[in-house]
Structures are given as C-alpha cells and as structure tokens.
Amino acid sequence: MSDIRSLTMSQAFNKSTTAPRQVKTTPQDNASHREIESSPKPLVRLALKMVKAHLLSRAKGASQAHYLPIRNDAVKALPLEQPILPIPRSFSFGADKVKLSPEFQIKVQYSLKDQQQRPPSVSAIDKALERCMDRLQLKRNSTVWSSTSSPRNGNPGSNTIANGELRELIIVVDDAVAALVHGMDESYTINISLNSADITVSASAEEDAVFSILNSETKDPQSLDGKVEDDDHRLKSHIHGRQQGDFNANGVAVAKAVLKTGTQWGVLHGLDTFIQLVTASPAPDSGMIEARQEQFKNVLEIPNLPWVITDKPLYGHRGLLLDTSRHYIPVKDILRTIDAMSMVKLNVLHWHVLDQQSYPLVSKAFPELTNKGAERPDYIYSEKGVAQILSFASERGVRVIPEFDMPGHAASWGRSYPNLTVCLDIQPHAQYSAEPPAGQLDPLEPFTYSVLDTLVKEWTAQFPDPLVHAGGDEINFDCWKTSPRLKDYIEHHSSREGYEGALSPVGNLPGPNDPNAMKRTRSGKQSGEDKLLEVFVDRVMEMYLSKGKRPIVWEEVALEHTVNLPKSAIVQVWKNARSTKRVYSYSLTEDLNQDEQKLIYGGEACMWGEQTDSTNLDSSVWPRSAAVAEVLWSGNADDKGEPRPLLDAAHRMSAVRERLVSMSVAAAPIFPSWCGKDLEACLV
C-alpha cells in the first residue's frame, strides 16, 4: 500500500474555502508528495486544487486509476543490459564495448582551494570513491548466471566483443565543498568513448589542480600535486585530445571517461550512474561447478560506447519520510536506508522522530521526556546516534529534516510532564485523537512554552538543515475542550485576554515586507477553536523563525484552520496511491496550470510506522520508493512530454531491486520470478 503526500510552499492566503477532511491511509504506506515554491497569492487556492484533485483520484479507485502506457516507442529507451535508475534526462549511446582494466582507477581534479578546505580523506567525494570501488568489486565477485540471457537481459549489442580497455575515470569538479542545501547543483555529465577527440577536459584549472586517485586494488586515496610525470602527462593527453596513450602496450585501444560536475553532490550522482553502466560477465576461463551458476571472478565491461549523459534533477527536494515513533528503528537500519536512498538519488530524509506513542529523542535539558516517554529505555536516539545519522547522510548528499509533530500527537510528552498535555489517555480515544493514546499539548499552559523554547534551541542546534517540520496535523478540538480552561477560552471571547496575559508574549515577528511575515491562512471570521490554535502556532513559528528555520506544516493548518503562518511556510498536502505502478504513474503537476507547475518544489516518499518496524522496513520502503525517486529526478514523461512506458520502468525497477538486495537491503520482489521471461505479461 502507498500513501502519497504533497507539499505546498505558501506566501499568501486569500481563499476562504474549507477543504474536505482527509484521513491517513494504511499505516505502512510508502508515498510521494509535492512542494510548491512561494508565489504572491495562490497558496490556499492552489493547495485546495491539489487536495480536490487528489480526493477525486482516490474516489475513482484503483480499478479506474490512470496508468502510463505499457509501451511507448516515441520515448528513447536505454540498452536492456544498462537499466539506469533514475533514467538520465538526456543520453546517447553507440555499439562499442570496453573492458575495465584490473588496475582501473578514479582520478579527481580539484582546485587547490577545495583541497585546502576539505578535511583529508573524509570528504563526500572520498567516501563516494570508496563506495564506487567497493560496488565494482562486488560486481567482480558476485554470482553471475552463465546460462543464455533471458529476453529481459538480452540486447543485440550485449554479445559484442570488447574492442578497448578503460583504465581510469577522470572526475572534474568545480566546487568540491558546496553546501548541502535545497537548490544545490546536483547536475553531472558523463562522456565515455574510444575516441579521445570526443572528450575534453577544461584546461583552465590545470596548473592549480590537485588530483586524488583511488585504485581498484588498493582503494586508498592518494593526493598528487601534478608533479608526477606519468600521471601529469596522462591527464594532459585527456585535456588536449588524441595524443599518446590511446593504445596500451598490447595494442588495445584505451577508452577515455570523464565525469564533469559543478559540485561534489553531482560527483556522487554521476558515480552511481557510472556503476550502472558497468556490466559483469563470467571470465572466459571460469568453469562450472554447479549445474547453472558459480561464483566467478567476473570481467567488468561497459557496453554501448560512446556514452554521453547529461543529467540533472527535475526537482530539488526528493525525500523519504521515516517514522521512528510508532515503532523504534535502530540507527543501523536508518543508516542502511540512507545508503539505499543515495543509490536512487533521493536527497532528503524527513525524520518523523516524535509522535503519540513514544518520545525517543534524548533531550539534555529534559531527559525525563525519553526516560518515561520512550518505548523502552534502549529505544532512544542519543546525541551520538543523531550525529552519526547526520554525518552518514551528509557523506551521501542526503539532508536530514526532522519533524516534531505538535500540538497534536503529543501523548508521549505527558508521560514525564502531565501538565504539558490535556485529555491524556482519555477514553474513548477515537473521540479525542486520530489514534491511541489520546493527548495534545496545552496551548494555554505557560510551562508548555518554557519547555518548547528550550527544546527548539536544542533541535535547531542539533539539526543544521534550514528546514524543520512543525507538524500540525489531526488536531482534535474535543480533546482541548475536556480542559475547563481551554473550553472557556474557546467559548468566551471576554476570557481570552486574561489567559493570554499569563503566557510569555510572542517575540518580534518579521515586518510585512519580510518573506517570513505572518499572514492569515483564510479570510472570514475566526472560530474560538482556531483562535486557540493560533495562540500556539504564533509562538512556535516565532521560535523557529528566530533560529533561522523555515517551517513545514501539515495541510490542516493552512486548509482547515484560520491562523497565522509565515509567508515562507511549506504546507504538506497528501494524496493516496496503492502500488508501485500507481506511484510511478502519479503526476506531480496534475491539474496545475503552467505558472503553478513552475512553483513545484519537490517530492517525498512516506513510510508511516504503525505497521512497520526494523523487521519489515526494507520490504515496505523498497523498491517502491525507487519509483518515487525516478519520478522526482527524471519525471515520468520525457522532455517532449511523452509518457515513459511502464515496461521500461518495470525493467529498471527490477534491476534496482537486485542491486539493493546485493547490498543487503531486503527489498521486496515486484513480480514473480517468471516475469523475467515476459515482463510485459505481468504488467497487463
């Protein structure tokens, strides 16, 4: 089951319509969302348009869902033996084939400035080089079927004899220390050819270049200053075209391969694509031990040269929401998930770390929150564990955006500090909360804001990303009305000034011309319930804005309530989907005009944890999230608007599932094994 969520970035609110209420779908859902960039007026109108379109899509049901075509000959296809996912935005290939030399190495050209700024041997590029070599080595030593290729794997060019050798990949990066933020340059180009005149490397940085080499045998990064004669001469042959070194000592043509990027993040993506260009076949002298397969020392090859790939993401925010409150997910499993995310070019981990059921994030100031609110004493995320996750993600070009869901979904807070919450554990829970146990933060309790002010300082210091998710979904006013104080505030206008006077005043909010200026979500009369919610929202938004954070909230805050929100706030909108096929067919720009489509900010796959823990995390997330990854990077239509065929996408999905399994990610099967013989039959 898959749950699709969308994000809208707001900057003005001028629509008074109330959106239909939506309910979370199957808990272990995997999803995608869309985010929309700021614009002067259309927030609520645009968000409502998406919600209504999504509800209409849901009402049609799976049997009437719109799917992409199974075949579409108008869309350029990749070679079958190189099913790159996400499919590059632009590519061309030929019919030559080269072998990777046993001494294959990767050489990176940095500027001296970059070399001086980056910590030695621990940069994102160094780690990416090591992963690339590890995965190439895995291909060398993995089990390879020696039987005739099935139609799924066959290709007219796959039987071509290698007519060249590739000894090195040269990476040229303009800025190797670029910030890990939304909008970062993630583009790259790859050129691999037997004709070195087809490939050029900019000579502008030649004199200032510092080279890092990773060899397939040693895997140890080496720094060279350009004074090593052989290596310097070899690079110049790349720079100046066909000179010496086009043939090795045995007269075999030497191919040239160059990966060019603007930043280290493009290097990471380019290397993941390069790995997928490499195929493995049994070495000629390998014999059979078992009936059909054996562990071989494989030959690595790149077929279909010359390759020219020019690639960049369609959307800058390509994420995965991971819920670790309903069920604790160990740090090692989160790291494995991040590693898999980077393989498919997802770049945001939306960490839904707190919820009704547990409070696993350790606080220095309020350790009782986890001591009494965590599921178990050992089911916690310590400062060290969080730092490990952040570092691991950063090395893979993945941003971590935490979500602290409030004022609803806060029963776990009340385990240690009951006066923070109202309606805690009240029955029947269905009347007072979306799911058990009941409990919401008390917006008129001064201690609530004392705790939040301290926690927000901790959170914003701990998580460096400029974005933070403030939650705000499924607020239940019946819960608040169980408190005489809150009920009085809601129902009696004359009582409100006294209650608000007991709270610390809202700090200095931005002026009207500031991008973060507060503005009403809807016009019209404000209910007492919404006024109470606004008391909370105003204070929490001010806390985040004062720390330089840009808040995200769930759609209910903007579409169902009349409150103030920053014009820069991001509003997350949902949609429902039920299969990989439907996820891949989902259009992020559905029912949006051209101006609105330009405001799309990104997307996300969502893994809700009610029925997911570490035992089924991998199979719940993968490989379906890879479908979301391709939609967000490449789009499910080409640059001419032609829909990408499901048959080709299914082939790429099957291949990425095999890659994930080879890396000990327990990704679920997409089809029965028989479908490898006739994949199209399994899509009908």
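**Exercise 1. How many of the 13 residues of helix 6 are buried?**

*Solution.* The model is a predicted one, in which local features need pLDDT of at least 70, side-chain atom pairs count only at pLDDT 80 or more, and totals for chains, interfaces and linings use all residues. Residues are numbered from 1 along each chain as its sequence is written, and side-chain values use heavy atoms, with hydrogens and water left out.

Step 1. Fix the terms. Helices (H or I, at least four residues) and strands (E, at least two) are DSSP runs, numbered from the N terminus. Buried means under 20% relative accessible area, exposed means over 50%, and partly exposed lies in between (1.4 Å probe, protein chains only).

Step 2. Count. In helix 6, 11 of the 13 residues are buried, and the helix is mostly covered. Among them are Val 331, Asp 333, Ile 334, Leu 335 and Asp 339.

Step 3. Check the length. The expected span of a helix is 1.5 Å times one less than its number of residues. For helix 6 this gives 18 Å, and the end C-alpha atoms are 19 Å apart, which agrees.

Step 4. Look past the end. Lys 345, which follows helix 6, has a positive phi near 70°.

**Exercise 2. Describe the span and the burial of helix 14, and the residue just after this helix.**

*Solution.*

Step 1. Helix 14 covers residues 528-546, 19 residues in total. From first to last C-alpha it reaches 27 Å, close to the expected 27 Å.

Step 2. Because 17 of its 19 residues are buried, helix 14 is largely enclosed by the rest of the structure.

Step 3. Just after helix 14 comes Gly 548, with a positive phi of about 75°.

**Exercise 3. Which residue forms a salt bridge with Arg 336, and which parts does the pair tie together?**

*Solution.*

Step 1. Side chains of opposite charge can pair when their charged atoms come close. A salt bridge is a side-chain nitrogen of Lys or Arg within 4 Å of a carboxyl oxygen of Asp or Glu.

Step 2. The partner of Arg 336 is Asp 618, with the closest N and O atoms 3.0 Å apart. Arg 336 lies in helix 6 and Asp 618 in helix 18 (residues 617-621), so the pair ties together parts that are 282 residues apart in sequence. Asp 618 is buried, at 7% relative accessibility.

Step 3. Set other pairs beside this one. Asp 425 and Arg 415 meet in a salt bridge at 2.6 Å, N to O. Asp 425 is partly exposed at 36%, and Arg 415 is partly exposed at 32%. Asp 378 and Arg 376 form a salt bridge at 2.7 Å; Asp 378 is partly exposed at 43%, as is Arg 376 at 38%.

Step 4. Widen the view. The whole structure holds 29 salt bridges. One network of salt bridges links Arg 135, Asp 272, Asp 339, Glu 395 and Arg 396.

**Exercise 4. Where does Glu 474 lie, and is this residue buried or exposed?**

*Solution.*

Step 1. Glu 474 is in the loop between strand 20 (467-469) and helix 11 (477-480).

Step 2. At 10% relative accessibility, Glu 474 counts as buried.

Step 3. The side chain of Glu 474 makes a polar contact of 2.8 Å with that of His 409. A polar contact is a pair of N or O atoms within 3.5 Å; within protein, one must be able to donate a hydrogen and the other to accept it, and residues adjacent in sequence count only if both atoms are side-chain atoms.

Step 4. Consult the record. An unreviewed UniProt entry places the feature "active site" at Glu 474. UniProt positions are given in the numbering used here, feature names are shortened, and annotations may be inferred rather than shown by experiment.

**Exercise 5. Describe the surroundings of Glu 186.**

*Solution.*

Step 1. Glu 186 sits in the loop between strand 6 (165-175) and strand 7 (188-193) and is buried, with a relative accessible area of 3%.

Step 2. A polar contact of 2.9 Å joins its side chain to that of His 269.

Step 3. Contact means heavy atoms within 4.5 Å. Not counting residues up to four places away in sequence, Glu 186 touches several residues, including Trp 265, Pro 313, Arg 318 and Trp 633.
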